Amino acid sequence: MCGGEELDEDDMEKLPLDLQYLPDDKEREPDLQTRVLISDTLFQMGSSYEVREEYRKWNYYVLFREYDRWEQDDDAREAMQNVIYIIIQDDGKVDLRKEHELPTEVETPDSEDVVKLSDSLDNNDILDDKATSDISNTQTSQLESGS
């Protein structure tokens with residue numbers, strides 16, 4: 001995910017030692033699916049407050065920003081932007097639901113629908129018991145005949 005781009009000295013010094021002063025010819029991961037998977041993993045890990053604090057402490061934002069500038073694929077950029085979002089937002093306002101709204105109310109079925117469903121299940125149970133009995137009898141006959 002990291003490239004060999006030049007960063008400000010202040011930004012560079014805040015990075016972990018292994019990520020400081022990478023060679024100019026350092027290449028990013030060439031496989032798109034792997035890059036998206038890494039971004040999604042970073043996002044999921046960032047659902048923990050402690051991990052978000054580590055991202056901030058080690059200045060990962062700078063690396064993620066540079067990756068976002070480099071990435072050409074819209075889906076991969078969106079995945080990384082989700083990671084960047086959780087880093088730069090105030091923890092009291094972080095919303096990890098992405099784009100999907102969670103329902104505020106759960107619909108409950110009418111009591112008539114529950115009775116209809118219950119009656120339907122009872123009828124199917126009778127059919128299932130008969131079908132199970134027929135299959136069991138067939139298997140027993142086959143075993144006794146040796147086929």
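# A guided tour, starting at helix α4

Select residues 60-70 to light up helix α4, where V62, L63, F64, E66, Y67 and D68 are all buried. Keep in mind as you go that this is a predicted model. Now bring the surroundings of the helix into view: the cover over the buried residues of α4 includes α1, α2 (32-45) and α5 (74-88).

**Step back to the whole chain**

Before going further into α4, zoom out and colour by secondary structure. You will find 6 helices and 0 strands, which read along the sequence as α-α-α-α-α-α. The chain has 147 residues, and 24% of them count as buried. If you turn on a surface, you are looking at about 11100 Å² of exposed area, with carbon and sulfur atoms supplying 49% of it. Contacts are also worth a thought here: among those with a separation of 6 or more, 62% are between residues 24 or more positions apart.

**Stop 1: F64**

Return to helix α4 and select F64, which lies in it. Is F64 buried or exposed? It counts as buried, because its relative accessibility is 8%, below the 20% cut-off for that label. Next, show its surroundings. Beyond the neighbours within four places in sequence, F64 is in contact with L42, M80, V83, I84 and I87. Pick I84 from that group and draw a distance between the C-alpha atoms: F64 and I84 come out 6.7 Å apart in space, while being 20 residues apart in sequence.

**Stop 2: D68**

Move along α4 to D68, another residue of this helix. D68 is an acidic residue, and it is buried, with a relative accessible area of 12%. Which residues touch D68, leaving aside its neighbours within four places in sequence? Show R77, M80, Q81 and I84 to see them. Two of these names, M80 and I84, will be familiar from the contacts of F64. For one more distance, try D68 to E78: these residues are 10 apart along the chain, and their C-alpha atoms are separated by 8.6 Å.

**Stop 3: E66 and its salt bridges**

Still in α4, select E66. At 13% relative accessibility, E66 counts as buried. Add the side chain of R65 and look for the salt bridge between E66 and R65, where the closest N and O atoms are 3.1 Å apart. Then add R69 as well, since salt bridges that share partners join R65, E66 and R69 into one network. Now look away from the helix: outside the neighbours within four places in sequence, E66 is in contact with E5, L7 and R28. Two of those residues, E5 and R28, are the next stop.

**Stop 4: R28 and E5**

The structure holds 6 salt bridges, and one of them is formed by R28 with E5. Put a distance between the closest N and O atoms of this pair and you should read 2.5 Å. Where do the two partners sit? R28 is in the loop between α1 and α2, and E5 is in the segment before α1, so the pair links distant parts of the chain, 23 residues apart. Compare how much of each is covered: R28 counts as buried at 8% relative accessibility, whereas E5 counts as partly exposed at 26%.

**Stop 5: R56 and E53**

For another salt bridge, go to helix α3 (residues 49-57) and select R56 and E53. Their closest N and O atoms are 2.8 Å apart. Because R56 and E53 are 3 residues apart in α3, they are separated by about one helical turn. Both partners are partly exposed: R56 has a relative accessible area of 26%, and E53 is at 32%.

**Last stop: a charged patch on the surface**

Finish on the outside. Select E6, D24, D25 and E27, which gather in a patch of negative charge on the surface. E6 lies in the segment before α1 (9-14), and that segment also holds E5 from the salt bridge with R28. How exposed is E6? Its relative accessible area is 74%, so E6 is exposed.

Technical notes. Residues are numbered from 1 along each chain as its sequence is written. This is a predicted model: local features need pLDDT of at least 70, side-chain atom pairs count only at pLDDT 80 or more; totals for chains, interfaces and linings use all residues. Side-chain values use heavy atoms; hydrogens and water are left out. Patches are made of residues with over 30% relative accessible area and no salt bridge: like charges are joined within 9 Å, nonpolar side chains (Val, Leu, Ile, Met, Phe, Trp, Tyr) within 5 Å. Accessible areas come from the Shrake-Rupley method with a 1.4 Å probe; for residues, only the protein chains shown count as cover. A salt bridge is a side-chain nitrogen of Lys or Arg within 4 Å of a carboxyl oxygen of Asp or Glu. The place of a charge is taken as NZ of Lys, CZ of Arg, CG of Asp or CD of Glu. Helices (H or I, at least four residues) and strands (E, at least two) are DSSP runs, numbered from the N terminus. Buried means under 20% relative accessible area, exposed over 50%, partly exposed in between (1.4 Å probe, protein chains only). Contact means heavy atoms within 4.5 Å.
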